[in-house]
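Fancy a few warm-up problems before you set up anything heavier? Grab the coordinates and work through these by hand or with a quick script.

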Amino acid sequence: MTTPAHERSCVTHGPGIRALVALTKPRVVAANAAMIVVGAAAAGTLEATRLTAALLGGAALIASATAANQWYERDVDARMERTARRPLATGALPPTAALVLSGALLSLGLAVLLRWTHAGGVRWAATGWVLYSLIYTPWKRWGPGSLHAGALSGAVTPLLGAYALTPTPGPLPWAIALYILMWQYPHFLAIGIRRRSEYALSGLSVFTMHHSDTVHVLMARCAVTLLVLAGPWVTTAGAVALWVVSCLPLVNAAFRPARHRLDAWAHELFVASLWAIVLLSCGVLALWGAGALPGTGSQ
């Protein structure tokens, strides 16, 4: 499940409803919900009942995963400035509250998806939850490979949207998932570079704590290059054009000089990654609205 840099705590969370809401990381949920819609549009259908169920059920599972993440990382959160005001780190809520909330949201989300969407959506939702909660989250303590698990969990979200609405969504949602997979490398490397001093205090074994700045820059550039080269796999001319246009901000930022200005380079790459995902998302919805995407599969 996509985990963009929307996790910064801006206010101290008091007890009660506000603290429980903070456990779900609403901006993370909103970003992933947008990719559910994009995946459904890429499949050629935004049928209202199943789309609503996919959004509600998918959002519940994503919120469940973020609550589980905060339960597992409550000691780490207390050591990092950007997360120190989260409700478990401050003691505003007991750790059991996060587990209870996570379990309740997981049950609710699966129930909604099972009742009102196709079975493929349930499978991809469960896959994303497992990747994020049971693999990516604990792996951050073990070693830098968590970067890859996190990228995989984010790539699942558009597939959830596509398969929740139709059992035969066609190749375009898979292309979108590939885009999200490759996009997350420059996005998260930029975050890791910008936050490396905080990660050093956290004790987490993230990728940017294990490799040199040269490796970070090279890996980000390789990921952007592969992202561009994957464009021809998209099946329609409009989607290929959208793919290329959405990659341009990343190409421009990634291949700027980084030596002696690494923090500035990372900031530019981070902003470019946000522009890229906005362009992709808006473009897919625009193509769907214009009838330029094939309607594949029954609704």
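Below are five exercises on this predicted model, each with a worked solution.

**Exercise 1. Place Thr-24 in the fold and work out whether Thr-24 is buried or exposed.**

Step 1: start with the secondary structure. Thr-24 sits in the loop that joins helix H1 (17-23) to helix H2 (26-42).

Step 2: check the solvent. The relative accessible area of Thr-24 is 15%, and the cut-off for buried is under 20%, so Thr-24 is buried.

Step 3: look for a polar partner. A polar atom of the Thr-24 side chain lies 2.6 Å from the backbone oxygen of Val-21.

Step 4: list the neighbours, skipping residues up to four places away in sequence. Thr-24 touches Val-29, Ala-63, Thr-66, Gln-70, Leu-101 and Leu-105.

**Exercise 2. Compare the span of helix H7 with its expected span, then find where H7 has a kink.**

Step 1: H7 covers residues 119-142, which is 24 residues.

Step 2: from first C-alpha to last, H7 reaches 33 Å, close to the 34 Å expected at 1.5 Å a residue.

Step 3: now scan for bends. There's a kink of about 30° at Tyr-136, shortly before the proline Pro-138.

**Exercise 3. Count the disulfides, and explain why Cys-247 has no bond to Cys-222.**

Step 1: apply the cut-off, two cysteine sulfur atoms within 2.5 Å. The count is zero disulfides.

Step 2: take Cys-247. Its closest cysteine sulfur belongs to Cys-222 and is 15 Å away, so the two are too far apart for a bond.

Step 3: do likewise for Cys-282. Cys-282 is in no disulfide, and the nearest cysteine sulfur, in Cys-247, is 15 Å away.

Step 4: add the accessibilities. Cys-247 is buried at 2%, whereas Cys-282 is partly exposed at 49%.

**Exercise 4. How many salt bridges does a search of the whole structure find, and which residues join into one network with Glu-268?**

Step 1: run the search over the whole structure. You should get seven salt bridges.

Step 2: pick out Glu-73 and Lys-140, whose closest N and O atoms are 2.9 Å apart. This pair links distant parts of the chain, 67 residues apart: Glu-73 is in the loop between helix H3 (48-72) and helix H4 (74-77), and Lys-140 is in helix H7.

Step 3: check burial. Glu-73 is buried at 4% relative accessibility, and Lys-140 is buried at 10%.

Step 4: move on to Glu-268, which forms a salt bridge with Arg-256 at 3.4 Å between the closest N and O atoms. Glu-268 is in helix H13 (residues 262-289), and Arg-256 is twelve residues apart from it in the loop between helix H12 (237-254) and H13.

Step 5: Glu-268 also pairs with Arg-261, with closest N and O atoms 2.5 Å apart. Arg-256 is partly exposed at 33%, and Arg-261 is partly exposed at 28%.

Step 6: merge bridges that share partners. Arg-256, Arg-261 and Glu-268 end up in one network.

**Exercise 5. Find which loop holds Gly-231, and list its contacts.**

Step 1: Gly-231 lies in the loop between helix H11 (213-229) and H12.

Step 2: Gly-231 has 2% relative accessibility and counts as buried.

Step 3: leaving out residues up to four places away in sequence, Gly-231 touches Val-240 and Trp-243.

Step 4: for a long-range check, try Pro-87. The C-alpha atoms of Gly-231 and Pro-87 are separated by 42 Å, with their positions 144 residues apart along the chain.

Terms used
Residues numbered from 1 in each chain as written. Predicted model: local features only at pLDDT ≥ 70, side-chain atom pairs only at ≥ 80, totals over all residues. Heavy atoms only, no water. Helix = DSSP H or I, 4+ residues; strand = E, 2+ residues; numbered from the N terminus. Buried < 20%, exposed > 50% of the residue type's maximum accessible area, 1.4 Å probe, protein only. Polar contact = N/O pair within 3.5 Å; in protein donor to acceptor, adjacent residues only side chain to side chain. Contact = heavy atoms within 4.5 Å. Expected span 1.5 Å × (residues − 1). Bend = angle between axes of the 7 residues up to and from the residue. Salt bridge = Lys/Arg side-chain N within 4 Å of Asp/Glu carboxyl O.
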